[in-house]
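Dear colleague,

Please find below the structure I agreed to pass on to you. My notes on its interior and its surface follow.

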Amino acid sequence: MKKLLTSALVLGLITGLVNAALGYFLGDGILETPFEPGTQNHLPNTTFAGMAMFSSVLLTFLGALILGFLHKRSGEKGIRTWRIIAIVFLVAYGIFPFMAPEMATTNAAILVNIMHLVSGIPALLQLPTRVE
């Protein structure tokens with residue numbers, strides 16, 4: 001479990017840095033504040049980049065904890081279950097911004113989807129190989 005959590009932390013930091021850079025450099029002017037639908041207020045890029053970094057690390061680490069738990073209880077079946085849950089999460093969370101246009105612009109929804117894939121795909125491929 002220690003190897004899995006260490007790998008998750010490293011992976012989360014790397015993907016978090018990539019997501020922070022994406023949010024900082026590409027987020028200019030497209031990130032509407034979700035708490036004020038219909039306004040022209042924008043989330044500052046530095047705030048969004050920090051949130052992207054924190055979220056990447058946190059969710060990758062949380063995913064690794066869930067993977068470790070499922071593997072401990074069900075072995076290889078737990079890894080398959082975790083992958084299915086992760087894919088459903090990525091798809092559902094990816095569709096949500098497009099289904100709720102009052103929450104984000106199309107450009108922001110696309111940016112958020114790219115950021116989720118930057119964290120999600122490496123986690124899906126790398127974390128199951130680190131399970132002891």
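In which helix does Asn19 lie? The model is a predicted one, and in it Asn19 belongs to helix H1. Its relative accessibility is 2%, under the 20% limit, and therefore Asn19 counts as buried. Leaving out residues up to four places away in sequence, Asn19 touches Ala52, Ser56, Met115, Val118 and Ser119.

Turning to the nonpolar interior, the largest core comprises 15 residues. Leu4, Ala64, Leu67, Trp82, Leu124 and Leu127 have the most contacts inside this core. At least two of its residues come from each of helix H1 (2–26), H2, H3 and helix H4 (106–126). Another core, of 5 residues, lies apart from it and includes Phe48, Ala52, Leu111 and Met115. As for Ala64, its contacts are Leu4, Leu5, Ala8 and Leu127, once neighbours within four places in sequence are set aside.

In soluble globular proteins, nonpolar side chains tend to be buried together. Against that background, I would draw your attention to a surface feature. Met1, Leu59, Leu62, Leu65, Ile66, Phe89 and Tyr93 make a nonpolar surface patch of about 610 Å². Helix H2 (45–74) and helix H3 (76–99) each contribute at least two residues to the patch, and H2 provides the largest share, with 4 residues. One of the patch residues is Leu65, which lies in helix H2. Leu65 counts as partly exposed because its relative accessibility is 35%, a value between the 20% and 50% limits.

With kind regards

How values were computed. Residues are numbered from 1 along each chain as its sequence is written. This is a predicted model: local features need pLDDT of at least 70, side-chain atom pairs count only at pLDDT 80 or more; totals for chains, interfaces and linings use all residues. Side-chain values use heavy atoms; hydrogens and water are left out. Patches are made of residues with over 30% relative accessible area and no salt bridge: like charges are joined within 9 Å, nonpolar side chains (Val, Leu, Ile, Met, Phe, Trp, Tyr) within 5 Å. Accessible areas come from the Shrake-Rupley method with a 1.4 Å probe; for residues, only the protein chains shown count as cover. A salt bridge is a side-chain nitrogen of Lys or Arg within 4 Å of a carboxyl oxygen of Asp or Glu. Buried means under 20% relative accessible area, exposed over 50%, partly exposed in between (1.4 Å probe, protein chains only). A nonpolar core is a set of buried Ala, Val, Leu, Ile, Met, Phe, Trp, Tyr and Cys residues joined through side-chain atoms within 4.5 Å. Contact means heavy atoms within 4.5 Å.
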